[in-house]
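Colleague: I am new to this structure. Please take me through one part of it closely, the place where two helices pack, and then work outward from there.

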Amino acid sequence: MSNHLTHVHAPDGVAPGSGYSHVVWGSGRFIAISGQCALDADGRVVGEGDAGAQARRVFENLRRCLAAAGAGFGDVIKLTYFVTDVAHLPAVRAARDEVIDTARPPAGSAVQVSALFRPELLVEIEAFAVLPEGPRP
């Protein structure tokens with residue numbers, strides 16, 4: 001569990017979110033991860049036509065990007081989901097719940113878009129994280 005972050009699921013007067021925190025803050029080094037899609041290391045689409053398979057690959061790509069900064073999913077403060085159909089969100093959330101602490105979820109936004117940069121892609125996710133200063137515990 002990350003103790004350099006504070007999560008507020010529902011501030012006074014705000015309805016609780018479903019699977020996300022309304023507010024997350026922390027101190028340390030800010031990390032921005034560009035939107036990740038379901039592409040393998042060679043740029044091939046993984047899980048064409050399958051939102052769940054694409055979401056799992058996206059979270060694997062996010063994991064690798066976070067690791068490159070010395071971070072992990074426990075350091076993520078915000079996820080932004082771009083989906084070509086909001087009907088994909090349950091599959092995206094299921095993949096997310098495999099990698100995050102669901103008791104302390106990051107803040108989140110979901111946006112339906114008309115298309116992503118390749119027509120086979122269904123999901124893109126960007127992440128913001130805060131890594132504590134100094135060596136990892």
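Modeller: What follows starts at the helix pair and moves out to the loops and the strand around it. Keep in mind that this is a predicted model.

Start with the two helices. Helix α1 covers residues 51-68, and helix α2 covers residues 89-97. Two packed helices are described by the angle between their axes and the distance between the axes. Here the angle is about 40 degrees, and the axes lie 8 Å apart. The crossing of α1 past α2 is right-handed.

Which residues make the contact between α1 and α2? From α1 come A51, G52, A55, R56 and F59. From α2 come A91, V92, A95 and R96. Sorted by class, this contact has six nonpolar residues, one polar residue and two charged residues.

Pick out F59 from that list. Its ring takes part in one of the aromatic pairs. A search of the whole structure finds two such pairs. F59 pairs with F73. The ring centres are 6.0 Å apart, and the planes stand at 55 degrees, which makes the pair tilted. F59 sits in helix α1, while F73 sits in the loop between α1 and β4 (76-83), so the pair ties together parts that are 14 residues apart in sequence. Are these two rings' residues, F59 and F73, buried or exposed? Both are buried.

A third residue joins this spot. V99 is in the loop between α2 and β5 (107-112). Leaving aside neighbours within four places in sequence, V99 is in contact with F59 and F73. So V99 touches both members of the tilted pair, with contact taken as heavy atoms within 4.5 Å. V99 itself is partly exposed, at a relative accessible area of 32%. For a sense of distance, take G28. The C-alpha atoms of V99 and G28 are 22 Å apart, with their positions 71 residues apart along the chain.

Now go to the loop between β3 (29-36) and α1. A38 lies in this loop. A38 has a relative accessible area of 0%, so A38 counts as buried. What does A38 touch, beyond neighbours within four places in sequence? The contacts are R44, V45, V46, Q54, R57, V58, L121 and V123. One of these deserves a closer look. V58 is 20 residues from A38 along the chain, yet their C-alpha atoms are separated by 5.0 Å.

D40 is in the loop between β3 and α1 as well. D40 has 18% relative accessibility and therefore counts as buried, since the cut-off is under 20%. Setting aside residues up to four places away in sequence, D40 touches V46 and R57. V46 and R57 also appear among the contacts of A38.

Next, the cysteines. How many disulfides are there? The count comes to zero. A disulfide is a covalent bond between the sulfur atoms of two cysteines. Take C37. The closest cysteine sulfur to that of C37 is in C65, at 11 Å, so the two are too far apart for a bond. C65 is likewise in no disulfide. The two residues also sit in unlike surroundings: C37 is buried, at 6% relative accessibility, whereas C65 is partly exposed, at 26%.

C37 leads on to R118. R118 and C37 are 81 residues apart in sequence, but 9.7 Å apart in space, C-alpha to C-alpha. R118 lies in the loop between β5 and β6 (123-131). At 25% relative accessibility, R118 is partly exposed. Beyond its neighbours within four places in sequence, R118 is in contact with L39, G43 and V45. V45 is also one of the contacts of A38.

Finish in strand β5, where Q112 is placed. Q112 is partly exposed, with a relative accessible area of 46%. Not counting residues up to four places away in sequence, Q112 touches V83, T84, D85 and V86. Q112 also has a distance to L89 worth noting. The two are 23 residues apart in sequence and 9.7 Å apart in space, C-alpha to C-alpha. L89 brings us back to helix α2, which covers residues 89-97.

Key: Residues numbered from 1 in each chain as written. Predicted model: local features only at pLDDT ≥ 70, side-chain atom pairs only at ≥ 80, totals over all residues. Heavy atoms only, no water. Axes fitted to C-alpha atoms, helices over the stretch in contact; angles between N-to-C directions. Helix = DSSP H or I, 4+ residues; strand = E, 2+ residues; numbered from the N terminus. Left-handed = near helix turned anticlockwise from the far one by under 90°. Nonpolar A, V, L, I, M, F, W, Y, C, P; charged D, E, K, R; others polar. Disulfide = S-S within 2.5 Å. Buried < 20%, exposed > 50% of the residue type's maximum accessible area, 1.4 Å probe, protein only. Phe/Tyr/Trp six-rings, centres within 6.5 Å; stacked < 30°, edge-to-face > 60°.
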